[in-house]
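Dear colleague,

Please find the structure below. My notes on it follow.

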Protein chains: 2
Amino acid sequence: MSDKRFQGYRGPGRAVLERFDVGVWHDVVLTTGDGSFAGLILPRSETSDDRHIVIKMETGYNVGILADTITNITEHGRREINYEIPEKAFPFDKHKPNVTLFGTGGTIASRLDYRTGAVIPAFSPGELYGSVPELADICNLTTEKLYGVFSENMGPEQWITLANRIGEEIEKGVDGIVIGHGTDTMHHTAAILSFMVQDSPVPIVMVGSQRSSDRPSSDAAFNLIHAVKAAAEGNIAEVIVCMFGPTSDEYGLLHRGARVRKMHSSYRSAFRTLGDIPLAMIDSKSISPLRQDFKPRRKDRNVTINTAFEERVTILYYYPNMQPDIVDAMVEKGYRGIVIAGTGLGHVNKPIYAALQRATDAGVHVYMTVQTLWGYVQMYVYETGREIMGLGVTPAANMLPEVAYMKLCWALGQTTDREEVKKIMLTPVGDEITDREPYDGYLIFQGAIPEVEEFLRTIKR
Amino acid sequence: MSDKRFQGYRGPGRAVLERFDVGVWHDVVLTTGDGSFAGLILPRSETSDDRHIVIKMETGYNVGILADTITNITEHGRREINYEIPEKAFPFDKHKPNVTLFGTGGTIASRLDYRTGAVIPAFSPGELYGSVPELADICNLTTEKLYGVFSENMGPEQWITLANRIGEEIEKGVDGIVIGHGTDTMHHTAAILSFMVQDSPVPIVMVGSQRSSDRPSSDAAFNLIHAVKAAAEGNIAEVIVCMFGPTSDEYGLLHRGARVRKMHSSYRSAFRTLGDIPLAMIDSKSISPLRQDFKPRRKDRNVTINTAFEERVTILYYYPNMQPDIVDAMVEKGYRGIVIAGTGLGHVNKPIYAALQRATDAGVHVYMTVQTLWGYVQMYVYETGREIMGLGVTPAANMLPEVAYMKLCWALGQTTDREEVKKIMLTPVGDEITDREPYDGYLIFQGAIPEVEEFLRTIKR
């Protein structure tokens, strides 16, 4: 039996394939104690672990099954899938705008990765042109893979590199920037870029996909075309998240970087603007602004890059019966900033008041947000709120908890003076704090459905 | 000047009232460094702090202004508000069902509280009849104030008392139970009651109000009538949250206790069923079930009360760049259970893998949920997910983070055997885990608007 038949499989994984006389590209049903899994056995890389069999299921998901748990494998046929992307030279047209696409990792414009059993990004302009030829109608594309990390592994090193490279590209004269990013923490990166990169003269558009391009329902090409269009032609010179629209695949939405959050673990329409309406709708033909208060594109090359960052900041997600030792632990570990996601209008229980007092006495900067995600912190209404403010906890209005976390990291990277930090935190940079949340900014933006929009205007909440 | 003029004010608070020659029940504009506040100066109790002036604003909110920050007060008139509730004997009708209302605190059926500058619950049947006479048309009401705590201060002592009293009332033959509760943590209490009180033969209905009954827009009476009706006449014998409907004040919604969450800090329509549709719509005339899979009312008096509870459980709300010392701190402090709210399909960053391994090696029970709130944990898709499972972290399907926290407290109160705990956690009791989330269970339930419902059925997400 050739090694190609077991490509990448060693140890227990290979042993189970041999035992049941199957190999890569075989269509099988695997039986385990937890149930059966039907799909195509995928090859793996030399560096894969040796304990899993990876199959592509009908849903398009690749799953890894522990070899030890497999009690039977039956074969139903063979079919090889070609994951090669045809590479074509990306055409250059001097009349078209110039866009730089930064790759950071994630499933946008991706293909199968033998190592993870998942997907890898395609990044040369030629590969992108080969898979999404529409991009050449929009712009001249330059691509650069900054790094390749799963988005949950992003950290200050990656954010700072990205901010600095954005600044350099802007100075070099590019007309727009697209950032391919894993969706898990795309909104966190969008938030920190909103603070690190200010007053950009061109659009900075983040994009990802919830389903990889080897799945029939992939949103990769759809989102990528929209993002490149927003970067090349759009007039909104802000940090934007460009993802699938809420209710159909007719359009995408552009979300302000500091007001967006991933709200579904698997739907393509996972990203939503919270407490406000999105910036614009976008399809392959046009960009339709939904509001006029955006920062427009400029001719100059001025941009402010401020990559200050303090790592010792944490989020305290309040739950009833929280004990004071949780707060004490953060102080003992040397954290300099705490963002609380409180209940209701911004509350925590009485037993932790003393611990919060100890924290602020120790110089820790503590800010209150709401875990309801929609609505404002309002600590004047109840005496409990006033008492918590008396402990030195500062209400952060309607900043989302994740955004407040990123902003506090950024603020504490600049100063530790209490009043200065407070001033930075409470001065809005990119609508992370707004004066009011419109009625149609609650739960779902229905702008695409005029009848619903009209109906919602007539009712109370 | 009489003490009545300064009722409850001492120290700096009283001094500032004297300085500007104003007193309680005066309509004023207070000027501070942060801006002006117009409203009615409210009396306070003997035990109030002496640093705030409390005014009722036009919005109905009572706010406390620090006396030290007040630079001017101008008076525009006087008007006394009567917060007395007319007390009338609650009529008894032997043909009507018997309902017990437990008071726990919160703003339901409340009136002004001089101490907090906020509101206090009215709890004698006579007071409730006086303020909401419709209740007598529905049932014979018995009330009992179990305790009076702000809902953020609820803990196992209160939850266990409540579960035991519910069991006793059911055995005594009551036809339904209503629990008045502050809204901040109503969904947490609903979750733990779903586990502590199982197979009830009668409805157990939690209710609260987002705006106190002294505000024109109060939802207190509206919600209370619905809750009492659901308890007295409803056929759904489960732990239910009864609150304001999503889009109008025409109806309320009944939510399953383990699938509901507060999603707005101030709107009356704050409570939403997540990842599913609600149990029923309710108005003063009828209860309209939206699904048929509920547990119906029974004649017997059998109910299972299990008040097991382990307090050393915490929630770890993941954010990018989380450091391992946060996980280590929880282990060092002796926590026995950790519910992670991960990003995406249930991910955390690589640097904390080793700390999670140390936690599970130390016998800590670690479960994964998703901070997107909608959708499932799916840790088989990416190698990272499989690696995290390899550390001993168990995916908790589509349990909400708060619900998983409550269930882990309850499971660890019963056993510390790893497989037993896992079995308890992953066996659904009250739809805290479901097989699938319907398309209209995402973000907003639109059941009340047939046109919207119809539209949503035709589109993809």
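In these notes, helix angles under 35 degrees count as roughly parallel, over 145 as roughly antiparallel, 65 to 115 as roughly perpendicular and the rest as oblique. This is a predicted model, in which local features need pLDDT of at least 70 and side-chain atom pairs count only at pLDDT 80 or more, while totals for chains, interfaces and linings use all residues. Residues are numbered from 1 along each chain as its sequence is written, and chains are lettered from A and ligands numbered from 1 in the order in which they are written.

Helices α5 (residues 186–196) and α10 (residues 401–412) of chain A pack at about 40 degrees, their axes 9 Å apart; α5(A) and α10(A) are therefore oblique to each other. Helices (H or I, at least four residues) and strands (E, at least two) are DSSP runs, numbered from the N terminus. Among the residues that meet (C-beta atoms, placed from the backbone, within 7 Å) are A:Phe195 and A:Met196 in α5(A), and A:Met406 and A:Trp410 in α10(A).

Helix α6 (residues 220–233) of chain A has 14 residues. Of these, 12 are buried (20 or more other C-beta atoms within 10 Å of the residue's own, all placed from the backbone), including A:Phe222, A:His226 and A:Lys229.

Chain A also has an open sheet of four strands in the order β20-β21-β22-β23, with parallel pairing (strands pair if DSSP finds at least two bridges between them). Its edge strands are β20 (313–317) and β23 (394–395). Strand β22 (residues 365–370) pairs with β23(A) over two bridges, and A:Tyr367 has A:Thr394 as its bridge partner in β23(A).

Regards

Technical notes. The expected span of a helix is 1.5 Å times one less than its number of residues. Axes are lines fitted to C-alpha atoms, for helices over the stretch in contact, and angles run from 0 to 180 degrees between N-to-C directions. Two residues are in contact if their C-beta atoms, placed from the backbone, lie within 7 Å.
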